[in-house]
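Trainee: I have a new model open and would like to go through its cysteines and one helix pair with you. Could we take it step by step?

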Amino acid sequence: MGQLTESQLHAISIMERLCSAISLLGCIFTIATFTCFSAFRDKPVNRLVFYATFGNMASNVATLMSRSFLDNPDSFGCQFQAMLIQWFMAADVGWILAMAVNVYLTVYQKFDIKRLHKMELIYLPVCYGIPFIPAFTYLFVRRNGQRIYGDAVLWCWVASHVEGLRIATVYGPVWAMILVTFAIYIAAARTIFKIRKQIHNLDSDYDLTSSTSPEVAVGNGPGAPVTADGDVALPGRTPGRDDQTTAMRCKPRRHGPAPQAFARRRSYEHKNAAWSYTKCALLYFTAILITWIPASANRVYSMAHNGQAYVPVVFVSAFVLPLQGFWNCIIYVVMSWAACKSLLQDIKARLPHLHKKPTSRGEVDRAADNC
């Protein structure tokens, strides 16, 4: 690794800390909005991002330390940093695989939100429990009198004298999960894009139905009360003998257009949910590739050239690896754009009220009550 000069190593350290700070801000935004606003919890995929964000924060705590403890590999700081990186950096890929599994379950097994939520009881111990085993074990294992965790150039991690463990417990599992995720998307691609085409067709059907059959929309609305006889009760009126004609006109037909419209609506909702989930998961998969391709290329080059570094790839790795939480936050915002706009509008609406000074005794009392 002698190719890297002191000035280059200093630049790498600055880059790691800057990217880690940006990523931490993204993680805080994700956790705060998901916890405080129900609109961000509507999408099942956002729940997985929420769980993954805690791992992103933990790995960012480690990358913020950068190269601070490389001079003393046996110190608590170096060993703690290495354990966090070993434990949480690869766990993020596990959550991307979990999203792909949910795509499969949604598209082929017709899982609804409740059943997807139950899968989280499996994802949590798998994504965080399995990586914990080697991460914790390496704290106590020595090889030829040397600790497993040590100088990894960018930060403290699995040392170069045990290069095989890096492949066996990080890069190997990471690329195995990426390939399984890719295989799921390839297998589901035909069905996924077929769903996308059907959504466009259903959109056209809804436009036609809503413009030609207003009675159906009234008689089959999800909030319309129904009497014991099956009549639809219009607001402010009770179907009876005087309203027999109106009730009959609003009553859903057994074999008419109403059941067909209801079936189309259910089909639309399921297909649209499947497509939205798939689109979001594909974006996260792309972010994982951006993160791990440079890091893997750096590792392959180092192994092929007796530990020598290719400086541009080292810089790219130092840039993308600490940004996992940031990439996840960006996609989280894109997929929750409607909720973000609503939140921004609420903030703008409250700002004039917060800066307005009460001018009367009543306004003073109301301001005190608000506090």
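Trainee: Which residue forms a disulfide with Cys78, and how far apart are their sulfur atoms?

Mentor: Happy to help, and keep in mind that this is a predicted model. A pair counts as a disulfide when the sulfur atoms are within 2.5 Å. A search of the whole structure finds one such bond. The partner of Cys78 is Cys156, with the two sulfurs separated by 2.1 Å.

Trainee: Is that disulfide left-handed or right-handed?

Mentor: Look at the torsion about the S-S bond of Cys78 and Cys156, which is about -110°. That value makes the disulfide left-handed.

Trainee: How many residues apart in sequence are the parts that this pair ties together?

Mentor: Cys78 sits in helix α3, while Cys156 belongs to strand β4 (residues 156-158). Both cysteines are buried. The parts they tie together are therefore separated in sequence by 78 residues.

Trainee: And Cys36, is that one buried or exposed?

Mentor: Exposed means over 50% relative accessible area. Cys36 has 56% relative accessibility, so Cys36 counts as exposed.

Trainee: Back to α3: at what angle do the axes of α2 and α3 cross?

Mentor: Helix α2 covers residues 44-65 and helix α3 residues 76-88, and their axes come within 9 Å. The contact includes Ala58 and Val61 of α2 along with Phe80 and Leu84 of α3. By class, the contact has eight nonpolar, four polar and no charged residues. The crossing is left-handed, and the angle is roughly 145°.

Definitions and conventions:
Residues are numbered from 1 along each chain as its sequence is written. This is a predicted model: local features need pLDDT of at least 70, side-chain atom pairs count only at pLDDT 80 or more; totals for chains, interfaces and linings use all residues. Side-chain values use heavy atoms; hydrogens and water are left out. Axes are lines fitted to C-alpha atoms, for helices over the stretch in contact, and angles run from 0 to 180 degrees between N-to-C directions. Helices (H or I, at least four residues) and strands (E, at least two) are DSSP runs, numbered from the N terminus. A crossing is left-handed if the near helix is turned anticlockwise from the far one by less than a right angle, and right-handed if clockwise. Contact means heavy atoms within 4.5 Å. Ala, Val, Leu, Ile, Met, Phe, Trp, Tyr, Cys and Pro count as nonpolar, Asp, Glu, Lys and Arg as charged, and the others, Gly among them, as polar. Buried means under 20% relative accessible area, exposed over 50%, partly exposed in between (1.4 Å probe, protein chains only).
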